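Grab a pencil and work through these exercises with the model open beside you. Each task comes with a solution that goes step by step.

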Amino acid sequence: MSDLLRLSNVYAPTLKEVPTEAEIASHRLLLRAGMLRKQATGLYAWLPLGYRVIQKIENIVREEMNAIGSQEILMPFVQPAELWEESGRWEKYGPELLRLEDRHGHAYCLGPTHEELITALVRSELRSYKELPCSLYQIQVKFRDEIRPRFGVMRSREFIMKDAYSFHATHESLQETYDDMSEAYGKICDRCGLVWRPVEADSGQIGGKVTCEFMALADAGEAEIVHCACGYAADVEAGRGVAHPLEQGAEELEKISTPNIHTIEDLANFLNIPEAATVKALSAKDGAGNLVVLFIPGDHELNEIKAMGAIKGFELLTDEEMLAFGLHKGSMGPVGLPKSAKIYADESLKSVDRWVVGANEEGFHFVGAAPGRDFEVDEWADLVVVKPGDGCPQCGKPLEGARGIEVSQVFQLGDTYSKALGATFMDEDGKEKPFIMGCYGVGVSRTLAAIVEQHNDEHGIIWPASVAPAEVCVVVLAKAGSEDARTAERLAEELAEAGIEVVLDDRDERAGVKFADADLIGWPVQVVVGSRGLAKGTVEIKKRATGEKTEVAIDALVPETKAILATC
């Protein structure tokens, strides 16, 4: 990057009006600041200033990857279908995988991720345990045909991502790289100026059993997370928590009439008890088609991901299937279920001796239903979506809620892809074994959006100096060609020679326009050069984050600017 930009030569068309399509701060401000332009639904062009930020983030990522010994490569964006067929994901991945054919009728896809390609790349090259571990990464465009692209580059169809892959002979070796990557990802978040949390997560379509997401906290985040002062944090879909169901009901089993009561809310209101004092029932079938009924605290929701982990082939019943099993929607309970039904209950209900539940009869519920006396639970499992107020699984204190933007994630893949694609190495005992793999992704363009979500005000973006398109903007208030304008240019050059990234706003615009654009674009430091100050031998320095203005002597401009930048 050049150390001195002239804003008169930069393609950065700013907007006064807020684009109607923009729903969140990052989308609005990136468009208004002339950093981004929409080309089609979910497709965006990065303009010069926005792309400078992308490059800054990429360089931070490169430095942290190189520091832990990962090596940069570049793989094709267009991927052959046969590799995805080998892995079994050609059909499983679903409609987000954009499939296409070339002129010869060969099938391809636009890469949403690169597990197949990287595994195929190394399977004929890495042959011995002596060559392991090996870690490779790339920074490249990805494409996922999102059903509903939204929020600008937060959830676009095409995006920039760093994806890394590691190959190992042992699980211990994988754990070491996984830990190194996790530490590096934390450093990347810190260097980008993000407030973030590492959270427990689900691996989704990537696969593997061990994974962690790095979430930037922001109200615009799509993910709901819970976190605790002790350091625990998790996505609500994958997190663990200690629910607090309340015991309510008579000592003996008592059937009560509950006409037209079909929801937990209605039941709680009818009995004048908290929803936490009720027990919710849901019906499902397992992979063999057997009836399964699940019971959870009434104030919680079923976590289907957890249920799928506990019950092989888990699938919730339709209304028609419920009728076929003789179940009554809104009145199900553990007493009087068909004998073939298997009962699963959330672990938190173990401490509740009396349940308020459906009576398996339309318009009736039981109070005082006792596990072990009136019915038996076949399996206890963690089945609920964790929520704020639940007990922290590590320290027991109430969990707090927040929203987060997933900016990166690490996975332990195991041998999922190496087995499927026949990628093996010769172990020290002379046997062929599949690689043990890890996968690690950073959403570069999404990280940029997350930074803007956390760093903005009513005037515009407030870039951390580490990722700003330039660190300092020298605002020239005098007309071009004047002595004051030449002085401003000389000062900008002095800052650049001192190793500071400088942009010179030498445009033929009114002062008010320049000040507004400087705040909108978000230069961390503004140096205002005007005739009044120059007459006294001073310039004004403004710190964008606080709005604080300082008058400094021209001779002290460089050290004063560096001191302020160190706090940005």
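**Exercise 1. Find which residue stands opposite Asp-163 of β9, then place β9 among its partner strands.**

Step 1: The residue facing Asp-163 in β9 is Gln-138. Before going on, note that this is a predicted model, where local features need pLDDT of at least 70, side-chain atom pairs count only at pLDDT 80 or more, and totals for chains, interfaces and linings use all residues. Residues are numbered from 1 along each chain as its sequence is written, and side-chain values use heavy atoms, with hydrogens and water left out.

Step 2: Strand β8 (residues 134–143) pairs with β9 in the antiparallel sense, over 10 bridges. Pairing here takes at least two DSSP bridges between two strands. Strands (E, at least two residues) and helices (H or I, at least four) are DSSP runs, numbered from the N terminus.

Step 3: β9 also runs antiparallel to strand β25 (residues 436–443), with eight bridges joining them. In that pairing, Phe-167 stands opposite Met-437 of β25.

Step 4: How many of the 11 residues of β9 are buried? The count is 10, so β9 is mostly covered, where buried means under 20% relative accessible area, exposed over 50%, and partly exposed in between (1.4 Å probe, protein chains only).

**Exercise 2. Work out what Lys-162 does with its charge.**

Step 1: Locate Lys-162 in strand β9, residues 158–168.

Step 2: Look for a salt bridge, meaning a side-chain nitrogen of Lys or Arg within 4 Å of a carboxyl oxygen of Asp or Glu. Lys-162 is buried and has none; Asp-163, the nearest side chain of opposite charge, is 7.3 Å away. For charges, Lys and Arg count as positive and Asp and Glu as negative, while His and the chain ends are not counted.

Step 3: Which side chain makes a polar contact with Lys-162? That's Tyr-185, at 2.6 Å. A polar contact is a pair of N or O atoms within 3.5 Å; within protein, one must be able to donate a hydrogen and the other to accept it, and residues adjacent in sequence count only if both atoms are side-chain atoms.

**Exercise 3. Compare the settings of three salt bridges out of the 39 counted.**

Step 1: Take Asp-415 and Lys-419, whose closest N and O atoms are 3.5 Å apart. Asp-415 is partly exposed at 29% relative accessibility, and Lys-419 is exposed at 58%.

Step 2: Now go to Arg-544 and Asp-519, which meet at 3.7 Å, N to O. Arg-544 sits in the loop between β31 (538–543) and β32 (549–553) and Asp-519 in helix α13 (residues 511–521), so this pair ties together parts 25 residues apart in sequence. Both ends are buried: Arg-544 at 3% and Asp-519 at 10%.

Step 3: Next, where do shared partners lead? Glu-146, Arg-150, Arg-155 and Glu-222 are joined into one network by such salt bridges. Within it, Glu-146 and Arg-155 bring their closest N and O atoms to 2.9 Å. Glu-146 is buried at 14%, whereas Arg-155 is partly exposed at 23%.

**Exercise 4. Explain why Cys-439 and Cys-473 are not bonded to another cysteine.**

Step 1: Recall that a disulfide is a covalent bond between the sulfur atoms of two cysteines. The cut-off used is a pair of cysteine sulfur atoms within 2.5 Å.

Step 2: Search the whole structure, and you get zero disulfides.

Step 3: Check the distances. For Cys-439 the closest cysteine sulfur is in Cys-212, 14 Å away, which is too far for a bond. For Cys-473 the closest is in Cys-568, also 14 Å away and too far.

Step 4: Add burial. Cys-439 counts as buried at 5%, and Cys-473 is buried at 0%.

**Exercise 5. Lay out the open sheet that contains β14.**

Step 1: Its three strands come in the order β14-β20-β19, with antiparallel pairing.

Step 2: The edges are β14 (254–257) and β19 (355–358), each pairing on one side only.

Step 3: Four bridges join β14 to strand β20 (residues 364–369), and Glu-254 stands opposite Val-367 in β20.
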